[in-house]
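Visitor: Could you take one part and look at it closely for me? Start there, then work outward and tie it to the rest.

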Amino acid sequence: MNQQIELFEIANPCIGVCRSNKKGYCFGCLRSRRERQLWHDMTTEQRREVLRLVSGRKLRIEQIKQRKGEQLGFDFEGLVEDGKLF
């Protein structure tokens, strides 16, 4: 298998929020505590894997938000305020 030469270092995905949920995942970058601690010692392939995992976490969060919105049944797109109280 041919190895691809990296021209640029994979940037740290930290956005400076640096607060974790109960499971240890950062609210800002969605990395686990261990992923954040080891980032600087990771190989390029390991960093790519972390970013792949982060992408999956983002997707699951969006799906959960969408399901919650569907369950509530609110349609804020069609809501029009006409100034009437009743």
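Guide: Ile15 sits in the segment before H1. The model is predicted. Is Ile15 buried or exposed? Ile15 counts as exposed, because its relative accessibility is 60%, and the cut-off for exposed is over 50%. Ile15 also has partners on the surface: together with Val17 and Phe27 it forms a nonpolar patch. The accessible area of the three adds up to about 300 Å².

That patch can be set against a general trend. In soluble globular proteins, nonpolar side chains tend to be buried together. Ile15, Val17 and Phe27 lie on the surface instead. For the buried counterpart, turn to the largest nonpolar core. Which residues build the largest nonpolar core? Six do: Ile10, Leu30, Trp39, Met42, Val50 and Val54.

Take Trp39 from that core. Trp39 lies in the loop between helix H1 (33-38) and helix H2 (44-72). Trp39 counts as buried because its relative accessibility is 2%, where the limit is under 20%. What does Trp39 touch beyond its neighbours up to four places away in sequence? On one side of the list stand Ile10, Ala11, Asn12 and Pro13. Arg31 is another contact. Arg47, Val50 and Leu51 complete the set. Two of these contacts, Ile10 and Val50, are also members of the largest nonpolar core. Pro13 is 26 residues from Trp39 along the chain. The C-alpha atoms of that pair are separated by 9.7 Å.

Arg47 deserves its own look. Arg47 counts as buried, because its relative accessibility is 6%. It touches Trp39, and its side chain meets that of Glu9 in a salt bridge, 3.1 Å from N to O. Arg47 lies in helix H2 and Glu9 in the segment before H1, so the pair ties together parts that are 38 residues apart in sequence. Glue between the two is uneven in exposure: Arg47 is buried at 6%, whereas Glu9 counts as exposed at 66%.

How many salt bridges does a search of the whole structure find? Four. Besides the Arg47 and Glu9 pair, two more belong to helix H2. Arg48 forms a salt bridge with Glu45, with the closest N and O atoms 2.4 Å apart. Both residues lie in helix H2, three residues apart, about one turn of the helix. Arg48 is partly exposed, with a relative accessible area of 33%. Glu45 counts as exposed at 52%. Arg52 pairs with Glu49, and here the closest N and O atoms are 2.6 Å apart. Arg52 and Glu49 are separated by about one helical turn, because they are three residues apart in helix H2. Glu49 is partly exposed at 34%.

Stay on helix H2 for Arg57, which is also placed there. Arg57 is buried, because its relative accessible area is 13%. Leaving aside neighbours within four places in sequence, Arg57 is in contact with Tyr25, Leu30, Arg31, Ser32 and Glu35. Leu30 in that list belongs to the largest nonpolar core. Arg31 in that list also touches Trp39.

Now the cysteines. A disulfide is a covalent bond between the sulfur atoms of two cysteines. How many disulfides does the count give? Zero. Why does Cys18 have no such bond? Its closest cysteine sulfur, in Cys14, is 3.9 Å away, too far for a bond, since the cut-off is within 2.5 Å. Cys26 is in no disulfide either: the nearest cysteine sulfur, that of Cys29, is 3.8 Å away. Exposure separates Cys18 from Cys26. Cys18 is exposed, with a relative accessible area of 56%; Cys26 is buried, with 4%.

Finally, step back to the whole chain. The protein has two helices and zero strands. Buried residues make up 17% of its 86 residues. Trp39, Arg47, Arg57 and Cys26 are among the buried ones. Among contacts between residues at least 6 apart in sequence, 36% join residues at least 24 apart. The protein exposes about 8000 Å², and carbon and sulfur atoms supply 54% of that area. The patch of Ile15, Val17 and Phe27, where this look began, has about 300 Å² of accessible area together.

Technical notes: Residues numbered from 1 in each chain as written. Predicted model: local features only at pLDDT ≥ 70, side-chain atom pairs only at ≥ 80, totals over all residues. Heavy atoms only, no water. Helix = DSSP H or I, 4+ residues; strand = E, 2+ residues; numbered from the N terminus. Buried < 20%, exposed > 50% of the residue type's maximum accessible area, 1.4 Å probe, protein only. Contact = heavy atoms within 4.5 Å. Areas by Shrake-Rupley, 256 points an atom, 1.4 Å probe, with all protein chains shown as cover. Patch = residues over 30% accessible without salt bridge, like charges linked within 9 Å, V, L, I, M, F, W, Y side chains within 5 Å. Core = buried A, V, L, I, M, F, W, Y, C linked by side-chain atoms within 4.5 Å.
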